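Work through the following exercises with the sequence and the 3D view side by side. Try each task before reading its solution.

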Amino acid sequence: MYNMTRKEAERLGLRSGRKFEHYYINPNGKLEHRRTGRVENLHKFFFVAKVKGKNGTDHTECFLYYLLRNQDRNERLYIKE
């Protein structure tokens, strides 16, 4: 599995303050929307985001950049414009 760096993620459009959507792929192969979030800080191989869960609570979570390239079998991240 190939890990991305901060510069590659910035080329894809990831910046502080940008919104994103986190999806989970269920065993049947269908996408399920998990949560939305807003990017707070970018680091070398991951970013920190404020995430709103399904029950409406806000918390901080870290995500690896490789999720932006759809390289994980179970998860996807999509940047919102």
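**Exercise 1. Decide whether Asn-70 is buried, partly exposed or exposed, and then place the residue in the chain.**

Solution. The relative accessible area of Asn-70 is 34%. A residue counts as buried under 20% and as exposed over 50%, with partly exposed in between, so Asn-70 is partly exposed. The next step is to locate Asn-70, which is found in the loop between strand E4 (58–64) and E5. Finally, leaving aside residues up to four places away in sequence, we find that Asn-70 touches Arg-76, Leu-77 and Tyr-78.

**Exercise 2. State how confident the prediction is along the protein chain, and where confidence is lowest and highest.**

Solution. Begin by noting that this is a predicted model. The protein chain has an average pLDDT of 86, and 96% of the residues score at least 70. Turning to the individual elements, the lowest confidence belongs to strand E5 (residues 75–79), with a mean of 85, while the highest belongs to strand E3 (residues 46–52), at 92.

**Exercise 3. Describe the overall build of the protein chain, and explain how its compactness can be judged.**

Solution. First list the secondary structure, which comes to one helix and five strands. Following the sequence from its start, these elements give the pattern α-β-β-β-β-β. The radius of gyration of the protein chain is 12 Å, close to the 12 Å that the globule rule gives for 81 residues, and therefore the chain is as compact as a globular protein of that length. Along the principal axes, the C-alpha atoms fill a box of roughly 35 × 30 × 20 Å. Of the 81 residues in the protein chain, 36% are buried. Among contacts with a separation of 6 or more, 44% are between residues 24 or more positions apart.

**Exercise 4. Find out whether Arg-18 is buried or exposed, and list what it touches.**

Solution. Start with the position: Arg-18 is found in the loop between helix H1 (6–11) and strand E1 (19–25). Its relative accessible area is 14%, and because this value is under 20%, Arg-18 counts as buried. If residues up to four places away in sequence are not counted, Arg-18 touches Gly-13, Gly-37, Arg-38, Val-39, Ile-79, Lys-80 and Glu-81. As a distance check, Arg-18 and Tyr-66 are 48 residues apart in sequence, and their C-alpha atoms are 17 Å apart in space.

**Exercise 5. Examine Phe-46 and Cys-62, giving the strand, the exposure and the contacts of each residue.**

Solution. Take Phe-46 first, whose place is in strand E3. With a relative accessibility of 30%, Phe-46 counts as partly exposed. Not counting residues up to four places away in sequence, Phe-46 touches Cys-62, Phe-63, Leu-64 and Tyr-65. One of these, Phe-63, is 17 residues from Phe-46 in sequence, yet 5.5 Å away in space, C-alpha to C-alpha.

Now take Cys-62, which lies in strand E4. Cys-62 has a relative accessible area of 48%, so this residue is partly exposed as well. On the same basis for counting, Cys-62 touches Phe-46, Phe-47 and Val-48. By contrast, Cys-62 and Glu-75 are 13 residues apart in sequence and 14 Å apart in space, C-alpha to C-alpha.

**Exercise 6. Give the accessible surface of the protein chain and count its charged side chains.**

Solution. The accessible surface comes to about 5,400 Å², and 45% of this belongs to carbon and sulfur atoms. For the charges, there are 18 positive and 10 negative side chains, and the centres of the two sets lie 2 Å apart.

Technical notes
Residues are numbered from 1 along each chain as its sequence is written. This is a predicted model: local features need pLDDT of at least 70, side-chain atom pairs count only at pLDDT 80 or more; totals for chains, interfaces and linings use all residues. Side-chain values use heavy atoms; hydrogens and water are left out. Helices (H or I, at least four residues) and strands (E, at least two) are DSSP runs, numbered from the N terminus. Buried means under 20% relative accessible area, exposed over 50%, partly exposed in between (1.4 Å probe, protein chains only). Contact means heavy atoms within 4.5 Å. pLDDT is the predictor's confidence in each residue, from 0 to 100. The radius of gyration is taken over C-alpha atoms; the globule rule is 2.2 Å times the number of residues to the power 0.38. Accessible areas come from the Shrake-Rupley method with a 1.4 Å probe; for residues, only the protein chains shown count as cover. Lys and Arg count as positive and Asp and Glu as negative; His and the chain ends are not counted. The place of a charge is taken as NZ of Lys, CZ of Arg, CG of Asp or CD of Glu.
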